[in-house]
Amino acid sequence: MFNMIKSLFRRGTPKENIDTIYTGLDEPLPKNIEKVKERLDEIFSGCDDFVVRHIVCGKGEDDEVRILVSYIDGLVDKNILNRDIIRPIIEYFSQTEVHGEPKLAFQRIKECAISGSDFEEIQNMQQAVYKIVSGNAVLCVDGVKCALAVDVKATQGRQIDEPDTEVAIRGPREGFVENLATNMALIRKRIKSPNLKFEIIRLGVQTKTDVCVCYIKGIANEEIVKEVRKRIKKIRTDAILDTGYIEQYIADNRLTLFPIVGNTEKCDKLVAKLLEGRVAILCDGTPYILTVPYIFIESIQTSDDYYDHAFFATFMRLLRLFALVISNLLPAMYVALVSFHHTVIPIKLIITLAASRQGIPFSPFVEAVLMITAFELLREAGVRMPRTIGQALSIVGAIVLGEASVAAGIASNLMVIVVAITAICNFVVPPLIRATMLLRFVFLVAANFLGFLGISFVAVAVLIHLCRLRSFGIPYMAPFSPLTASDLKDSLLTAPIWVMLTRPKILFTEDTKGTVGIKRQEADEISED
């Protein structure tokens with residue numbers, strides 16, 4: 001029984017299955033291109049988009065060169081393939097003699113015919129298959145045991161645009177896209193340093209997804225980089241389709257409600273985190289980039305805070321923290337006040353409250369649960385519906401539902417106001433929307449049984465849980481627990497950018513705190529002359 005339960009939580013595909021899926025593909029490429037074609041047809045049997053072309057070129061029958069070109073239709077740009085690869089090869093060998101020597105022909109193709117294209121020499125069938133399914137064209141010369149994989153990928157995916165999930169008032173508008181190479185170029189464009197490192201790791205037995213670990217050497221903590229690399233390489237699964245898969249595998253605590261791995265679609269935000277010493281994880285096929293370590297205070301920080309005056313940024317951060325508290329506690333406090341703590345309510349408000357609740361058939365707890373559930377249903381429907389319909393559904397549905405509930409005597413006016421304020425505050429801190437949605441019900445249950453005492457118990461339990469969390473060994477509640485005085489300059493209170501002389505010290509170990517990597521800028525006074 002224990003083994004059955006354990007198998008349910010086993011991560012990914014068993015090692016023995018992974019090792020046997022590609023059995024036979026390690027074989028070397030045959031010299032004869034007919035045998036190569038026969039083997040590729042066998043591997044790609046049933047794949048109607050697999051294309052094989054024979055090319056015969058040369059100055060005569062005694063000097064002909066036979067070439068096999070294999071690719072996947074749709075992944076390859078045929079115009080580039082014909083213009084930059086096939087036509088130059090045909091034209092070159094129509095004017096050049098190779099005296100029937102295949103190795104010489106292969107060498108001439110590399111050095112002269114396709115010298116302007118990116119290519120890679122491959123030695124076995126497994127490499128050939130991977131290059132074909134990755135969008136390359138594989139060229140095999142008859143009589144040669146190796147082949148050339150030429151990069152002629154077709155341009156796919158959407159254009160660079162501002163992400164909808166992270167709207168900025170001020171600052172760059174560029175967001176990441178689904179193409180890994182494009183995302184890497186966007187980062188490289190902003191950090192023009194050879195210390196910016198990209199390490200590609202291939203994950204997924206079936207998908208063979210390229211996952212990239214990005215960091216700045218000399219700034220990022222090497223221990224964290226090693227831990228990131230170690231955890232990613234331990235992932236053994238059939239498919240990696242999004243960074244959300246990776247996040248669930250590498251998180252320190254997989255049962256917590258709070259995000260302990262950050263994600264972003266904004267280029268400037270990611271670059272700022274890299275410059276602080278964090279490590280980024282990119283995945284081909286998704287615009288969401290993971291950042292680690294991730295601490296709680298990042299949830300109420302935005303990129304706009306660093307582009308505006310420090311006073312306004314501090315006020316907005318405190319406002320976001322207040323909104324976070326309100327979205328979690330307001331419905332529970334309402335239930336606790338109405339059910340247990342009448343004496344703390346002013347007499348005029350009690351009269352108003354009693355009048356609004358007259359004729360309501362449900363208890364405050366049931367009323368709150370019904371209204372919050374209805375709001376969550378509307379929100380989820382608005383997200384899943386087409387954008388234009390979803391916006392109309394959210395706005396009209398909330399108004400109609402609130403008015404109809406009050407008119408039908410199902411909910412009180414005050415409860416509708418409480419739920420509306422809670423919903424508004426919930427959207428102020430997007431990274432914690434999901435955690436807040438569930439915690440709100442926990443606080444409601446505690447308030448229904450014990451009032452303010454129950455809310456206090458749950459709040460203390462949540463705070464203890466947050467203080468126990470770690471993100472790649474870094475305390476989640478840093479810089480407050482443990483207290484790091486120098487890092488408070490960029491926490492709830494935002495210091496001017498010229499005061500932030502050092503990077504977050506919590507990201508560095510005791511051995512690295514004295515190195516130059518922690519220093520951000522030099523202190524310099526501006527002369528008034």
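This report describes the overall make-up, a set of paired strands, two enclosed or open spaces and two buried residues of a predicted model.

In this predicted model, local features need pLDDT of at least 70 and side-chain atom pairs count only at pLDDT 80 or more, whereas totals for chains, interfaces and linings use all residues. Residues are numbered from 1 along each chain as its sequence is written, and side-chain values use heavy atoms, with hydrogens and water left out.

## Overall make-up

The protein chain holds 17 helices and 12 strands, where helices (H or I, at least four residues) and strands (E, at least two) are DSSP runs numbered from the N terminus. Of its 529 residues, 44% count as buried, a term that means under 20% relative accessible area, with exposed meaning over 50% and partly exposed lying in between (1.4 Å probe, protein chains only). Among contacts in the protein chain with a separation of 6 or more, 64% are between residues 24 or more positions apart; a contact here means heavy atoms within 4.5 Å.

## Strands 7, 8, 9 and 10

Two strands are taken to pair if DSSP finds at least two bridges between them, and the pairings that involve strand 9 or strand 10 are set out below.

| Strands | Sense | Bridges | One bridge pair |
|---|---|---|---|
| Strand 7 and strand 9 | antiparallel | 4 | Cys214 and Ala280 |
| Strand 9 and strand 10 | antiparallel | 3 | Ile281 and Leu290 |
| Strand 8 and strand 10 | antiparallel | 3 | Gly262 and Thr291 |

Strand 9 (residues 279-283) is mostly covered, since 5 of its 5 residues are buried. Val279, Ile281 and Cys283 point one way from this strand, while Ala280 and Leu282 point the other way. Strand 10 (residues 289-292) likewise has both faces covered, with Ile289 and Thr291 buried on one side and Leu290 and Val292 buried on the other. Strand 9 and strand 10 form a hairpin with 5 residues between them, and Gly285 in the turn has a positive phi of about 105 degrees.

## The second largest pocket

The second largest pocket has a volume of about 1,400 Å³. Of the 41 residues that line this pocket, Tyr130, Ser134, Lys153, Asp210 and Asp284 are the closest to its centre. Elements that give two or more residues to the lining include strand 3 (119-122), strand 5 (147-151), helix 7 (180-190) and strand 7 (209-216), and helix 6 gives the most, with 6 residues. By class the lining has 15 nonpolar, 15 polar and 11 charged residues, where Ala, Val, Leu, Ile, Met, Phe, Trp, Tyr, Cys and Pro count as nonpolar, Asp, Glu, Lys and Arg as charged, and the others, Gly among them, as polar.

Pockets and cavities are both found on a 1 Å grid over the protein atoms alone: a cavity is a set of points where a 1.4 Å probe fits but cannot get out, a pocket is an open set with protein on both sides within 12 Å along at least five of seven lines, and lining residues have an atom within 4 Å of a point. Grid points are joined across faces, edges and corners, and a volume is the space filled by probe spheres set on the points.

## The cavity and Thr422

By this rule the count comes to 1 cavity of 30 Å³ or more, and the largest cavity has a volume of about 30 Å³. Its lining is formed by Ile372, Phe375, Glu376, Val419, Thr422, Ala423 and Arg440, which divide into 4 nonpolar, 1 polar and 2 charged residues. Helix 13 (364-384) and helix 15 (413-426) each supply at least two residues of this lining.

Thr422 is placed in helix 15, and this residue counts as buried because its relative accessibility is 3%. The side chain of Thr422 reaches the backbone oxygen of Val418 at 2.7 Å. Not counting residues up to four places away in sequence, Thr422 touches Ser327, Leu330, Pro331 and Arg440.

## Gly175

Gly175 lies in the loop between strand 5 and helix 7, and this glycine counts as buried because its relative accessibility is 0%. With residues up to four places away in sequence left out, Gly175 touches Ile160, Asp161, Pro163, Leu186, Glu265 and Cys267. The C-alpha atoms of Gly175 and Asp164, which are 11 residues apart along the chain, are separated by 9.2 Å.

Terms used: A polar contact is a pair of N or O atoms within 3.5 Å; within protein, one must be able to donate a hydrogen and the other to accept it, and residues adjacent in sequence count only if both atoms are side-chain atoms.
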